[in-house]
Amino acid sequence: MLNHSFFKSLLFFGAGAVLTSTGERDMEKLGGLIHGMPLTSFAVLIGCVAISALPPFNGFVSEWLIFQAVLQSPELPQWALKIMLPAVGALLALAAALAAACFVKAFGISFLGRPRSPAAQAAREVDRYSLAAMFILAALCLVAGILPGLLIDALSPITLGILGGRMPIQADEPWLSIVPIAESRSSYNGLLVMLFITISASFAVYFIHRFASHAVRRGPAWGCGFSDPTPMAQYTGGSFAQPIRRVFGTLAFHARDHVEMPAPGDVRPARLRIELHDLIWEGLYAPIADAVGFASDRLNRLQFLTIRRYLSLVFATLVTLLLVLAIWS
């Protein structure tokens with residue numbers, strides 16, 4: 001919960017910064033924001049990496065600890081839980097993969113590429129207080145990822161009060177590692193992981209620039225056959241999500257693609273219309289919302305009664321209450 005409060009707040013602040021700078025809520029009308037809003041783009045990128053559960057940020061620590069609990073499921077006495085928890089672990093891995101795909105789409109379509117609207121073209125950085133709020137949360141995401149033992153020890157009174165037990169004292173572990181059960185079983189060191197990622201990336205950048213840059217031939221970027229690259233030729237959010245929608249959409253959202261392709265020689269444009277259904281909303285929430293709306297429309301008539309009808313309603317209510325009290329007593 002604490003880790004989610006860090007990176008989700010960061011992403012909400014990032015969305016607010018984009019909305020403040022561009023006035024747009026539609027990702028399809030953004031693009032190229034990394035040029036006009038580089039600091040916001042960097043902070044949002046950290047939030048995307050953290051929520052996608054990638055090391056060395058705090059989202060990975062949360063996922064890793066949950067997986068450690070799943071791996072201990074054979075020790076549970078109930079057979080139902082022994083069977084169910086591995087399935088929960090598989091669903092957790094699937095959720096992490098879908099979250100990564102979701103935020104690759106969100107960041108790529110919004111911040112990369114070329115601007116798709118005048119508002120995105122004119123986007124500039126937000127005020128320094130908004131940037132400070134985002135970078136404080138980004139720093140917390142990093143600190144909680146490389147030094148998670150400090151937060152686990154700080155939260156141990158809460159787990160002790162709820163579960164009656166606690167994890168080992170992480171401050172006693174060497175090299176700032178975290179050990180959820182026993183050192184002989186599992187341990188994770190976010191600081192060493194960060195150092196490994198930093199050193200590996202630095203070596204990769206050095207060798208690429210040292211040995212590969214001289215052999216590169218520079219030329220115009222391939223624009224898929226378009227002589228003048230335009231934002232219209234860029235990948236869109238719908239294009240990015242199409243493979244995932246084809247895999248999951250048919251079952252989860254009853255997705256349907258309606259293609260209108262004119263005959264050869266017809267000057268009308270081709271059209272693609274995507275039909276989606278939210279089964280949870282339509283099956284659970286929509287009937288409740290319709291019932292509340294129906295009742296509200298009927299009760300709304302009470303606001304426009306005459307004085308005589310108001311008095312009659314009050315009298316009928318009073319008589320009804322007296323009858324209920326008489327029957328009750």
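Modeller: Let's start with a term: a helix axis here is a line fitted to C-alpha atoms over the stretch in contact, and angles run from 0 to 180 degrees between N-to-C directions. Keep in mind that we are looking at a predicted model.

Biologist: Okay, so how do I use that? At what angle do H3 and H5 cross?

Modeller: Two packed helices are described by the angle between their axes and the distance between the axes. Here, H3 and H5 cross at roughly 170°, and their axes come within 9 Å. An angle over 145 degrees counts as roughly antiparallel, so H3 and H5 are roughly antiparallel to each other.

Biologist: Which residues in H3 and H5 meet?

Modeller: From H3 you've got Thr40, Ser41, Val44, Leu45, Cys48 and Ile51, and they meet Ala99, Phe103, Phe107 and Phe111 in H5. Sort the residues of that contact by class and you get eight nonpolar, two polar and no charged.

Biologist: H3 has another partner too, right? At what angle does H3 pack with H7?

Modeller: H3 and H7, which covers residues 128-146, pack at about 30°, with axes 10 Å apart. Their crossing is left-handed. On the H3 side, the contact uses Leu39, Thr40, Phe42, Ala43, Ile46 and Ala50, while H7 brings Leu131, Met134, Phe135, Ala138 and Cys141. By class, that gives ten nonpolar, one polar and no charged residues.

Biologist: Let me try another pair. How far apart are the axes of H1 and H4?

Modeller: They sit 9 Å apart, and the two helices pack at about 150°. That angle is why H1 is roughly antiparallel to H4. This crossing is left-handed. Asn3, Phe6 and Phe7 of H1 touch Asn58, Gly59 and Ser62 of H4. The class count here is two nonpolar, four polar and no charged residues.

Biologist: What about the backbone? Is the peptide bond from Pro55 to Pro56 cis or trans?

Modeller: General idea to begin with: most residues other than glycine have a negative phi, and most peptide bonds are trans. The bond from Pro55 to Pro56 is cis, with omega near 5°. You'll find Pro56 in the loop between H3 and H4. Ala53 is in the loop between H3 and H4 as well, and its phi is near 60°, a positive value in a residue other than glycine.

Biologist: Last thing, pockets. How much space lies in the largest pocket?

Modeller: About 1,200 Å³. The largest pocket is lined by 37 residues, and the closest to its centre are Met1, Ser62, Leu65, Thr159 and Met167.

Biologist: Which helix gives the largest share of the lining?

Modeller: That's H8, with nine residues. H1, H3, H4, H5 and H8 each supply at least two residues of the lining. You can sort a pocket by class just like a helix contact. This lining has 27 nonpolar, eight polar and two charged residues.

Biologist: Nice, so Ser62 turns up in the contact of H1 with H4 and also among the residues closest to the pocket centre.

Modeller: Exactly. Go and find Ser62 in the structure above.

Key: Residues numbered from 1 in each chain as written. Predicted model: local features only at pLDDT ≥ 70, side-chain atom pairs only at ≥ 80, totals over all residues. Heavy atoms only, no water. 1 Å grid on protein atoms, 1.4 Å probe; cavity = no way out; pocket = protein on both sides within 12 Å on 5 of 7 lines; lining within 4 Å. Points joined across faces, edges and corners; volume = space filled by probe spheres on them. Helix = DSSP H or I, 4+ residues; strand = E, 2+ residues; numbered from the N terminus. Nonpolar A, V, L, I, M, F, W, Y, C, P; charged D, E, K, R; others polar. Left-handed = near helix turned anticlockwise from the far one by under 90°. Contact = heavy atoms within 4.5 Å. Parallel < 35°, antiparallel > 145°, perpendicular 65-115°, else oblique.
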